[in-house]
Each structure stands twice: as structure tokens, then as C-alpha cells.
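Here is a short briefing for a first look at this structure. Start with the ligand, then turn to the salt bridges.

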Amino acid sequence: MRTDLILSDIHSLNRTQALDILAQIARVEKKSFPANEVMSFGEELWRKKPNTRVLYTAASGANPPVVLAYAVYVRQKGVALLHKVCVAESHRRQGVGIQLMQYIRTRLQKEGCQYIQLWVDQDRAPARALYVRSGYAEREAIADYYGPGRTGIRMVLNL
Ligand SMILES: CC(C)(COP(=O)(O)OP(=O)(O)OC[C@H]1O[C@@H](n2cnc3c(N)ncnc32)[C@H](O)[C@@H]1OP(=O)(O)O)[C@@H](O)C(=O)NCCC(=O)NCCS
């Protein structure tokens, strides 16, 4: 488990810093997901969109920070929908993902959120294992949720 990590929110940064982090996230995103699943990480995410949060993990000491992982969630009253969790390939299996999930949980708990929900592709075994390890329970499976032959699984963590 790495102990040198900073976990933060792009809304705690100024515009220049936030745009740098978003550009780094966009590069990791492109490498990690097929083109039809790539999310856009433009400036609009930093301009106040109060319900949407972009969190990131960087190694402490690096200046400017180098993004190792990120997550995106949308909060609506007591429910948070966790849209995206990703660790840069070269930093996987070092406990970065589990720390990011713990950070999200603690933060949403503090904000008074009642539960976190997410959808995951049945075939994404590492992600499903991470979510189970983080306390999420599988609630339903929907065939073809992500396209023909790609089952989506809904998972929930009660806070
Ligand atoms: C899923 C992902 C975020 C995991 O991040 P990570 O930093 O490698 O995870 P950690 O090292 O913190 O591992 C935590 C737990 O997750 C599970 N896990 C992580 N990678 C795994 C793998 N390749 N195979 C099986 N289980 C895995 C394990 O239970 C692990 O606990 P353990 O190390 O005690 O066995 C990372 O693989 C990733 O970014 N994948 C591509 C993007 C993606 O699929 N995102 C989810 C959909 S949006």
C-alpha cells in the first residue's frame, strides 16, 4: 500500500492547475478505455458544475503533480452515482484504487450522502473485485447494458 499519495478535488485548484490535471486525466482516460467509452475532461468540469466532482490521486512531492488515478461522481441529494474510477496502468496493483475508493466513501459520508451507486461491465473483473473489496454489493445485472453481449451490473454501497 502506497503511503505517499495526495487525494484531492479539482475544485480545490485554480484554473491553470485544474486544466493541467484535467489534461493529464484525459490522457490516462484515452489509454484506459475504448474510444466509445472515453469521457471528455474539458474545462467545463472545473467551471462550477456543483453536482459533478472530479477527484484525483497524485504522488506527494512531485511538482507539478502527476496524476496516478482519478474518479468522477455525480451527487444528487442523498445519492452519488460513481461514473468513473481509473488508475494509470503503470500504477495498478499497488493499492492506489482502494485508497481512492476509501477517500470517496469518507468524503460522501461527511457530506451526508446515504448511498453510492455504480454500474460496471460484468467483464471488468479487476474493477468488480475492487468494488466488492470496497464494500459494494451487486444488486442487479442487465443484459446488453453496455451494448450487445455486454452485461452491466449495478452495485451499491450504503453509507
Ligand atoms: C480497477 C482499477 C481501478 C483497480 O485499481 P488498482 O489501483 O490496481 O487496485 P488496487 O491495487 O487498489 O487493488 C485493490 C483490490 O482490487 C482488486 N483488483 C485490482 N486489480 C485486480 C486485478 N487485475 N485482478 C483481480 N482483482 C484486482 C483486488 O481485490 C485488490 O485487492 P488485493 O490487491 O488485496 O487483491 C484498475 O485496474 C483500473 O483502472 N482499470 C481500468 C479502468 C476500469 O476498469 N475502471 C472501472 C470502470 S469505470
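Which atom of the ligand lies 2.8 Å from a backbone N or O atom of Gly 97? An oxygen atom of the ligand does. Keep in mind that this is a predicted model.

**Backbone contacts with the ligand**
- Gly 97 is not alone in offering its backbone: a backbone N or O atom of Val 85 lies 2.7 Å from a nitrogen atom of the ligand.
- Gln 94 has a polar backbone atom 3.3 Å from an oxygen atom of the ligand.
- Taken alone, the ligand exposes 920 Å², and the protein buries 77% of that.

**The site around the ligand**
- The ligand sits in the largest pocket.
- Three elements each give two or more residues to the shell around the ligand: β4 (79–87), α2 (96–110) and α3 (125–133).
- The most comes from α3, which gives six residues to this shell.
- There are 19 residues around the ligand, and those that come nearest are Val 85, Val 87, Arg 93, Gly 97 and Arg 133.
- Sorted by class, the shell holds 11 nonpolar, three polar and five charged residues.

**Salt bridges**
- The whole structure has 13 salt bridges.
- One of them joins the side chains of Asp 9 and Arg 53, at 3.3 Å from N to O.
- This pair links distant parts of the chain, 44 residues apart.
- Asp 9 belongs to strand β1 (residues 5–9), and Arg 53 to strand β2 (residues 52–59).

Technical notes
Residues numbered from 1 in each chain as written. Predicted model: local features only at pLDDT ≥ 70, side-chain atom pairs only at ≥ 80, totals over all residues. Heavy atoms only, no water. Near = heavy atom within 4 Å. Polar contact = N/O pair within 3.5 Å; in protein donor to acceptor, adjacent residues only side chain to side chain. Areas by Shrake-Rupley, 256 points an atom, 1.4 Å probe, with all protein chains shown as cover. 1 Å grid on protein atoms, 1.4 Å probe; cavity = no way out; pocket = protein on both sides within 12 Å on 5 of 7 lines; lining within 4 Å. Sits in = over half its atoms within 2 Å of the grid points. Helix = DSSP H or I, 4+ residues; strand = E, 2+ residues; numbered from the N terminus. Nonpolar A, V, L, I, M, F, W, Y, C, P; charged D, E, K, R; others polar. Salt bridge = Lys/Arg side-chain N within 4 Å of Asp/Glu carboxyl O.
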